[in-house]
Amino acid sequence: MNQVDMGRGEKPLLKGETFSPREIVAELDKYIVGQKKAKRAVAVALRNRMRRLKLDPEIREDITPKNILMIGPTGVGKTEIARRLAKLAGSPFIKVEATKYTEVGYVGRDVESMIRDLMAMGFQMVKQEMQEKVKEEAERRAEEALLDLLLPGTGKKKPREAKPKPAPVVRPFSFNNPGEPGIMGAAIQVGFPIFKQGNKEIPAQGEPDQEAKEPAEEAAAEKDNSTREKFRTMLREGKLEDRSVELSVSQTPQFPGMDMMAGMGEIGTGLTEFMSALGGSQKNKVLPIKRAREILINEEAEKLIDWDRVGEEARQRVEETGIVFIDEIDKIAVKGQRGGPDVSREGVQRDILPIVEGATVNTKWGPVNTDHILFIAAGAFNMSKPSDLIPELQGRFPLRVELDSLGEEDFLRILTEPKNALTKQYVGLLGTEGIEINFTQDAIKRLAALAAEVNSRLENIGARRLHTIMEALLEELSFEAPDIAPAVINISPEYVEEKLSDVVKDQDLGRYIL
């Protein structure tokens, strides 16, 4: 992520900081057809976040994001717009369903867990970026570790400790005792010390044993180094990928199923981390070189990463650029008179309110402030109205965007224009089997017309209807592809009519609904 120098309190900038609102809409157009109003709204919201991060800290803290409420039927691109926006910005992003949360005191997930999930996503993003930075050093260390496993005892050895030198013996001189050296003798003896070896005194004449290694040890070391370098070359050339090595792998016990009750997810995570801090258990596994290398690279990368810095940067990124997409918010809207069986829904709204307004949520990486997290809510509102939400929550989503229903022309564009168009996906999938399929323009028009017709007869599920139509069209071909390959299949209007005639005639069509 690019960063701007703001002195103390430096904040990470969005990856897409150079995009203008027009360019943001152009990027979204590559994947989403239509919905210009929604695209313009999210483009302005993203650009305002970029502008805010360049302001002085005094005014920056007072500018809060303008949350967005998307209103439109299912399958028109609400979720895809938010997901593509987050990917374009490089922001931590999560999609949650409002119906999964319950009021405090009820069995289920509390609304604060969405912020903990967002923080976990941000931590994972920063961790991956840090791993990329130390990847080269981690690979080098993993290579040395693999060579140690392949050739035990050939690694770098500690230098031998030098033997203590014998201390010089200086005799005291005397003027009276015969046989003792005089002043001149003492001077000579101090200048040329005598060393003791057992009971025998010898003059110092250098130390050949300390200055040179033994020939046998030196030859063995050279042989080990030569063998190690040969194996290093083979390892880099991929000639040892199928060879197996015994590797000691750390195993930390997990505690699944702890999120059945509110707050239990944090307990399960805490227990897992506690066992990890104790070191977990070590288990020896015999693995091929390819798999062992992956494990060793991950282990070495984790040793090189500054985890405190990862947590701090992830927290800043979540607070400044995080995006939470709350889907199905219309399902917790209370219709008519409040109270009764819908009281828990209103309770969920009351619990969501402080998170959207701005609160501090405790996570295992530290407290996260939600003041500047962008919230995008979405719902079909076919059974309720936005006004059925509690007034305080309505006020926290000042931008309301209505998304248009999709028709035949939209389906035609969806099948051909986006980078991930369905026709391109099926061409790629069947191409792996040696089947080349070619869609004619008339056949694509017929598919779009059928999707619009079925949506008008049954529930309008938007672009998701195209998945139903395409699967029904190519089901038989996908099943028989391995048996008839290689082959070239032309998808013409006649082919479409032949495969989908039953779908068009059958008024029930229930079995084709996704």
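**Helix packing, central sheet and nonpolar cores of the predicted model**

The crossing of helices α1 and α4 is right-handed; a crossing is called right-handed if the near helix is turned clockwise from the far one by less than a right angle, and left-handed if anticlockwise. Helices (H or I, at least four residues) and strands (E, at least two) are DSSP runs numbered from the N terminus. The model is predicted, with local features requiring pLDDT of at least 70 and side-chain atom pairs counted only at pLDDT 80 or more, whereas totals for chains, interfaces and linings use all residues. Residues are numbered from 1 along each chain as its sequence is written, and side-chain values use heavy atoms, with hydrogens and water left out.

The axes of α1 (residues 21-29) and α4 (residues 78-89) come within 10 Å and cross at roughly 120 degrees. Axes are lines fitted to C-alpha atoms, for helices over the stretch in contact, and angles run from 0 to 180 degrees between N-to-C directions. The angle makes α1 oblique to α4, given that angles under 35 degrees count as roughly parallel, over 145 as roughly antiparallel, 65 to 115 as roughly perpendicular and the rest as oblique. In this pair, I24, E27 and L28 of α1 meet I81, R84, L85 and L88 of α4, contact being defined by heavy atoms within 4.5 Å.

A second helix pair is formed by α6 (residues 135-150) and α11 (residues 289-304), which pack at an angle of about 130 degrees with their axes 8 Å apart. Helix α6 is therefore oblique to α11, and the crossing of α6 past α11 is right-handed. The α6 side of the interface consists of E137, A138, E139, R141, A142, A145, L146, L149 and L150, which meet I289, A292, R293, L296, I297, E300, A301 and L304 in α11.

The protein chain contains 19 helices and 14 strands. Five strands form an open sheet with parallel pairing, in the order β2-β8-β11-β1-β12; two strands are taken to pair if DSSP finds at least two bridges between them. Strands β2 (93-97) and β12 (399-402) stand at the edges with a single partner strand each, so one side of each is left without a neighbour in the sheet. On average, neighbouring strands of this sheet are turned by 20 degrees against each other, direction ignored. Within the sheet, β8 (residues 323-327) and β11 (residues 374-379) pair in the parallel sense over four bridges, and F325 has I376 of β11 as its bridge partner. Helix α5 (residues 113-133) lies across β2, β8 and β11, and runs at about 150 degrees to β2.

Residue I376 also belongs to the largest nonpolar core, which has 62 residues; I376, F439, L447, L473 and I491 touch the most other members. A nonpolar core is a set of buried Ala, Val, Leu, Ile, Met, Phe, Trp, Tyr and Cys residues joined through side-chain atoms within 4.5 Å. Helix α18 (residues 464-484) gives the most to this core, with eight residues. When residues up to four places away in sequence are not counted, L473 touches F439, L447, I491, Y495, V496, K499 and L500. Apart from the largest core lies another, of 58 residues, among them I115, M130, I332 and L393.

Buried residues make up 39% of the 514 residues in the protein chain, where buried means under 20% relative accessible area, exposed over 50% and partly exposed in between (1.4 Å probe, protein chains only). Among contacts in the protein chain with a separation of 6 or more, 76% join residues 24 or more positions apart. One pair distant in sequence is R40 and V401, which lie 361 residues apart along the chain and have C-alpha atoms separated by 9.7 Å. R40 lies in helix α2 (residues 36-53) and is exposed, with a relative accessible area of 59%.

Several backbone features were also identified. Most residues other than glycine have a negative phi, and most peptide bonds are trans. Q35, in the loop between α1 and α2, has a positive phi near 55 degrees and is buried, with a relative accessible area of 6%. E328, in the loop between β8 and α13 (343-357), has a positive phi of about 60 degrees and is partly exposed, at a relative accessible area of 26%. A cis peptide bond joins A485 and P486, with omega about -5 degrees; P486 lies in the loop between α18 and β14 (487-491).
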